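Student: I'd like a close look at one buried spot and its surroundings. Could you pick a residue and walk me through what lies around it?

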Amino acid sequence: MAKQAERRIATRGAILSAAADLFGAHGFAATSVDQIAAAAGVAKGAIYHHFPTKESVFEAVFEDAAELLARDVMAASRGARDVLTSIGLGTAAYFEACSQGPNGRIILGDGPKVLGWERWREIDSRYFGAMIPRALAAAMDQGIIARQPVEPLGRLLLGAVTEAAVAGGHGGDSLAYVAALRTLLEGLRLPGTKT
């Protein structure tokens with residue numbers, strides 16, 4: 001019984017790894033279930049045993065990519081002098097990851113199209129989308145920014161970050177967006193809280 005469970009886990013992992021490579025390199029529309037099966041070294045039926053549709057394979061790949069991206073963003077923001085600086089460092093890492101290659105295609109390119117805006121946002125809100133409101137609340141608790149409702153401020157900032165990441169992924173100057181975001185964040189800072 002344990003060996004069968006291990007095989008199931010290994011097969012699912014191989015499918016997701018192959019799908020992530022293919023979706024990242026060629027996009028959702030240009031990737032077929034047959035290609036995923038061939039790259040994973042499994043029969044096409046094995047994919048449908050684990051996932052009812054190609055969209056459900058993509059959703060699992062997206063979820064994994066979002067989780068990994070959130071971890072990378074967290075790692076990049078550690079050691080900042082304060083919460084606002086941390087938001088800037090983490091967002092710069094997000095811009096960089098989404099402006100190139102597979103992450104950008106999966107997270108920002110195909111994600112909203114394949115999953116639909118609502119589902120894309122729902123998944124993102126568990127990962128990167130959850131970080132900004134938490135960080136803003138911490139900045140308020142630490143007296144770095146004025147106390148105010150976190151939800152609208154978080155949504156506005158997240159919208160700006162997402163739009164800038166999309167623009168950066170389409171050839172925009174991501175360094176210019178990072179600089180603009182830092183200016184925006186510093187505008188939230190209360191006087192006397194610079195370190």
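Tutor: Let's take L136, which sits in helix α8. Keep in mind that this is a predicted model. L136 has 0% relative accessibility, so it counts as buried, the cut-off being under 20%. Leaving aside residues up to four places away in sequence, L136 touches I87, I145, V150, L153, G154, L157 and L188. As for E151, it lies 15 residues from L136 in sequence, and their C-alpha atoms are 9.4 Å apart.

Now follow the I87 contact out to the helix pair. Helix α5 covers residues 83–98 and helix α8 covers residues 128–141; they pack at an angle of about 165°, with axes 9 Å apart. Angles over 145 degrees count as roughly antiparallel, and α5 and α8 are therefore roughly antiparallel to each other. The crossing of α5 past α8 is left-handed. On the α5 side the contact is made by V83, I87, T91 and Y94, while α8 brings F128, A135, L136, A138 and A139. Sort those by class and you get eight nonpolar residues, one polar and no charged ones. In soluble globular proteins, nonpolar side chains tend to be buried together.

Y94 leads on to the wider picture. The largest nonpolar core has 58 residues, and Y94 is among those with the most contacts inside it, along with F23, V57, F62 and I107. Helix α4 (residues 54–77) supplies the largest share of this core, ten residues. Take V57 as a last stop: again not counting residues up to four places away in sequence, V57 touches I15, L16, A19, F23, I36, I47 and F51.

Technical notes. Residues are numbered from 1 along each chain as its sequence is written. This is a predicted model: local features need pLDDT of at least 70, side-chain atom pairs count only at pLDDT 80 or more; totals for chains, interfaces and linings use all residues. Side-chain values use heavy atoms; hydrogens and water are left out. Axes are lines fitted to C-alpha atoms, for helices over the stretch in contact, and angles run from 0 to 180 degrees between N-to-C directions. Helices (H or I, at least four residues) and strands (E, at least two) are DSSP runs, numbered from the N terminus. Angles under 35 degrees count as roughly parallel, over 145 as roughly antiparallel, 65 to 115 as roughly perpendicular and the rest as oblique. A crossing is left-handed if the near helix is turned anticlockwise from the far one by less than a right angle, and right-handed if clockwise. Contact means heavy atoms within 4.5 Å. Ala, Val, Leu, Ile, Met, Phe, Trp, Tyr, Cys and Pro count as nonpolar, Asp, Glu, Lys and Arg as charged, and the others, Gly among them, as polar. A nonpolar core is a set of buried Ala, Val, Leu, Ile, Met, Phe, Trp, Tyr and Cys residues joined through side-chain atoms within 4.5 Å. Buried means under 20% relative accessible area, exposed over 50%, partly exposed in between (1.4 Å probe, protein chains only).
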